[in-house]
Amino acid sequence: MKNRTYNVIDLFCGCGGLSLGFEQAGYNVLLGIDIWKDALETFRHNHKNGATLCADLSKITGEDVDREINFQKVDVIIGGPPCQGFSVAGKRIIDDERNSLYKSFVRMVEYFKPKAFVLENVPNILSIGGGTVRETIICDFQRLGYNVVTQVLTASDYGVPQNRRRAIFVGLKEFSFDFDIPKVVHKVTTAEALSDLPEGSQSYKSDYICDSQSDYQTFMRQNSKGVMNHEVTMHNAQTTEIIAMVPDGGNYKDLPLYLQNTRKVHIAWTRLNSQKPSITIDTGHRHHFHYKWNRVPTVRESARIQSFPDDFEFLCSRTSQYKQVGNAVPPLMAKAIAEQLKKNLLCQKKQ
Ligand SMILES: C[S@@+](CC[C@H](N)C(=O)[O-])C[C@H]1O[C@@H](n2cnc3c(N)ncnc32)[C@H](O)[C@@H]1O
């Protein structure tokens with residue numbers, strides 16, 4: 001195993017978007033833990049240095065994890081525990097089953113005492129209960145000796161062609177710090193991300209049909225040996241006809257009145273806007289369509305929007321691949337977080 005600067009374990013790792021960003025920033029990901037076999041298959045396939053553990057994180061201990069990594073030192077713990085279940089009573093989080101996953105993150109930090117941790121989550125975690133959840137999380141880690149900053153980040157500020165927003169809690173042991181990640185000057189558009197990928201399916205690892213048409217595409221293609229995960233979804237004739245009526249960047253409001261309510265969600269019939277970063281892609285609900293083609297984006301196009309490079313291959317069924325991509329933290333955003341964290345860790349060393 002290559003010995004890089006900081007050893008990381010990734011809790012709730014999914015297919016490994018967060019891990020990939022940390023690897024790109026030069027960290028050594030020792031282990032990814034998740035309960036979902038498909039995502040771990042993809043993780044193993046793409047993170048050749050990192051092992052995986054398939055386990056329910058609410059049920060395993062720090063010792064269990066320590067054995068998996070042969071008792072190596074853990075410098076940083078990262079991860080995004082699903083926290084949808086948080087509810088609040090007065091000034092604290094209600095202590096029940098639903099936040100046992102968050103608790104397992106705290107437990108692992110308590111056990112390994114890493115130099116730092118990054119906990120990522122949905123932006124509204126900072127405002128639930130008028131900020132009570134945020135305060136409780138900060139207190140939990142302060143009790144373990146960490147100083148904590150919270151922030152909401154927008155992925156397009158870090159080179160991702162998507163306006164996905166995520167909240168982060170960054171903790172550093174006994175060290176006060178700021179966490180201002182430099183932003184890109186140019187936001188990458190959806191067309192810059194996708195315009196070199198064809199309307200139809202491409203067979204496994206076939207050549208690109210044209211030269212790269214943007215710096216972003218060149219960057220995505222860097223280590224790629226051909227196009228993967230680009231099989232198009234065939235819609236029925238009625239769906240294809242309806243989406244053909246929506247212009248680039250449009251939505252259900254562009255349809256004739258009698259068609260506007262054919263789907264019951266407000267994001268239905270949305271076409272991506274070729275000239276802007278994409279809206280947040282989902283896990284395959286088929287509400288967002290390509291800005292030019294009359295179909296949903298392929299898994300590869302979704303991966304491009306999430307900033308997964310073209311050599312990152314998604315395994316298992318297509319439905320599962322969409323879910324793995326849609327659930328992930330965009331690697332380029334994760335890389336920006338990891339680089340900023342490294343600067344802070346180096347400052348800490350000097351003190
Ligand atoms: C938002 S996704 C994580 C995405 C990941 N950070 C990435 O960047 O690709 C949350 C993950 O938590 C996992 N998960 C949910 N409950 C779990 C549990 N009890 N134990 C372990 N993993 C769990 C899910 O399978 C899912 O992959």
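**Exercise 1.** Which residues in α10 meet which residues in α11? Then work out how the two helices are oriented to each other.

*Solution.* The model is predicted.

Step 1. Locate the helices: α10 covers residues 299-306, and α11 covers residues 318-327.

Step 2. List the contacts. From α10 come V299, S302, A303 and Q306. Their partners in α11 are R318, Q321, Y322, V325 and G326.

Step 3. Sort the residues of this contact by class. There are 4 nonpolar, 4 polar and 1 charged.

Step 4. Take the angle. The helices pack at about 5°, and their axes are 10 Å apart. Angles under 35 degrees count as roughly parallel. α10 and α11 are therefore roughly parallel to each other.

**Exercise 2.** Describe the surroundings of the ligand, then its polar contacts.

*Solution.*

Step 1. Start with the shell. The ligand has 18 residues around it, and L18, D34, D56, L57 and V329 come nearest.

Step 2. Sort the shell by class: 12 nonpolar, 4 polar and 2 charged residues.

Step 3. Look at the ligand's oxygen atoms. A polar side-chain atom of D34 lies 2.6 Å from an oxygen atom of the ligand. V329 places a backbone N or O atom 2.9 Å from a ligand oxygen atom.

Step 4. Turn to nitrogen. A polar backbone atom of I35 is 3.2 Å from a nitrogen atom of the ligand.

Step 5. Finish with burial. Alone, the ligand exposes 600 Å², and the protein buries 86% of that.

Note on methods
Residues numbered from 1 in each chain as written. Predicted model: local features only at pLDDT ≥ 70, side-chain atom pairs only at ≥ 80, totals over all residues. Heavy atoms only, no water. Axes fitted to C-alpha atoms, helices over the stretch in contact; angles between N-to-C directions. Helix = DSSP H or I, 4+ residues; strand = E, 2+ residues; numbered from the N terminus. Parallel < 35°, antiparallel > 145°, perpendicular 65-115°, else oblique. Contact = heavy atoms within 4.5 Å. Nonpolar A, V, L, I, M, F, W, Y, C, P; charged D, E, K, R; others polar. Near = heavy atom within 4 Å. Polar contact = N/O pair within 3.5 Å; in protein donor to acceptor, adjacent residues only side chain to side chain. Areas by Shrake-Rupley, 256 points an atom, 1.4 Å probe, with all protein chains shown as cover.
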